[in-house]
Amino acid sequence: MAVPRNRTSNAKKNSRRSHHAKKPKNLSACAHCGRMRLPHRVCISCGHYDNRAIDAAQS
Ligand SMILES: [Zn+2]
């Protein structure tokens, strides 16, 4: 098994992890009830999507 020859420096390690920050979720307001919701998802408070009520039972 390959073993690293040199210890990775703190600067190299931190530089590699510079892209690991968590980005904030991009929420948008529901057009029907105004509550913040994820894009391309049915609103969790009123169940509307694209100004229509989505019924889970009718599939
Ligand atoms: Zn809604």
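Me: In what order do the elements of the protein chain run from the N terminus on?
Reply: In this predicted model, the elements run α-β-β-β-β from the N terminus on, which amounts to 1 helix and 4 strands in the protein chain.

Me: And what does the radius of gyration say about the protein chain next to the globule rule?
Reply: The radius of gyration is 22 Å, whereas the globule rule gives 10 Å for 59 residues, so the protein chain is more spread out than a compact globule. Taken along the principal axes, the box filled by the C-alpha atoms is roughly 60 × 25 × 15 Å.

Me: What share of the 59 residues is buried?
Reply: Buried residues make up 8% of the 59 residues in the protein chain. As for contacts with a separation of 6 or more, residues 24 or more positions apart account for 0% of them.

Me: OK, on to the metal. Which residues are the protein donors of the zinc ion?
Reply: The donors are the SG atoms of Cys30, Cys33, Cys43 and Cys46, and they lie 2.2 to 2.4 Å from the zinc ion. In sequence, these donor residues follow the spacing C-x2-C-x9-C-x2-C.

Me: Where do cysteine 30 and cysteine 43 sit relative to the strands?
Reply: Cysteine 30 lies in the loop between β1 (28-29) and β2 (36-37), while cysteine 43 lies in the loop between β2 and β3 (48-49), so the pair ties together parts that are 13 residues apart in sequence.

Me: Why is the arrangement around the zinc ion tetrahedral?
Reply: The 4 donor atoms subtend angles of 103 to 116 degrees around the zinc ion, and four donors count as tetrahedral if all angles lie between 85 and 135 degrees.

Me: Cysteine 30 first: buried or exposed?
Reply: Cysteine 30 counts as buried, because its relative accessibility is 7%, and the cut-off for buried is under 20%. Cysteine 43 is buried as well, with a relative accessible area of 3%.

Me: What is arginine 37 in contact with, leaving aside its neighbours within four places in sequence?
Reply: With those neighbours left aside, arginine 37 is in contact with Leu27, Ser28, Cys30 and Cys43, so two of the zinc donors listed above, Cys30 and Cys43, are among its contacts. Arginine 37 itself is found in strand β2.

Me: Which side chain of opposite charge is nearest to arginine 37, and how far away is it?
Reply: That is aspartate 50, at 7.9 Å, and arginine 37 has no salt bridge although it is buried.

Me: Is aspartate 50 buried or exposed, then?
Reply: Aspartate 50 counts as exposed, because its relative accessibility is 59%, and it lies in the loop between β3 and β4 (52-53). From aspartate 50 to histidine 40 the C-alpha to C-alpha distance is 9.2 Å, with the two residues 10 apart in sequence.

Me: Changing to backbone angles, what is phi of histidine 40?
Reply: Phi of histidine 40 is near 65 degrees, a positive value in a residue other than glycine. Histidine 40 is found in the loop between β2 and β3 and is exposed, with a relative accessible area of 67%.

Me: And what about phi of asparagine 51?
Reply: Phi of asparagine 51 is near 60 degrees, again a positive value in a residue other than glycine. Asparagine 51 is found in the loop between β3 and β4, and at 59% relative accessibility it counts as exposed.

Me: Last one, at the other end of the sequence: where does threonine 8 lie, and what does it touch?
Reply: Threonine 8 lies in the segment before α1 (10-16), and it touches Lys13 and Arg16 when residues up to four places away in sequence are not counted. At 40% relative accessibility, threonine 8 counts as partly exposed.

Me: How far is threonine 8 from methionine 36 in space?
Reply: Threonine 8 and methionine 36 are 43 Å apart, C-alpha to C-alpha, and 28 residues apart in sequence.

How values were computed. Residues are numbered from 1 along each chain as its sequence is written. This is a predicted model: local features need pLDDT of at least 70, side-chain atom pairs count only at pLDDT 80 or more; totals for chains, interfaces and linings use all residues. Side-chain values use heavy atoms; hydrogens and water are left out. Donors are N, O and S atoms within 2.8 Å of the metal (3.2 Å for Na, K and Ca); water is not among the atoms, so sites may look incomplete. Four donors count as tetrahedral if all angles lie between 85 and 135 degrees; four count as square planar and six as octahedral if opposite donors are over 155 degrees apart and all others between 65 and 115; anything else is irregular. Helices (H or I, at least four residues) and strands (E, at least two) are DSSP runs, numbered from the N terminus. Buried means under 20% relative accessible area, exposed over 50%, partly exposed in between (1.4 Å probe, protein chains only). Lys and Arg count as positive and Asp and Glu as negative; His and the chain ends are not counted. A salt bridge is a side-chain nitrogen of Lys or Arg within 4 Å of a carboxyl oxygen of Asp or Glu. Contact means heavy atoms within 4.5 Å. The radius of gyration is taken over C-alpha atoms; the globule rule is 2.2 Å times the number of residues to the power 0.38.
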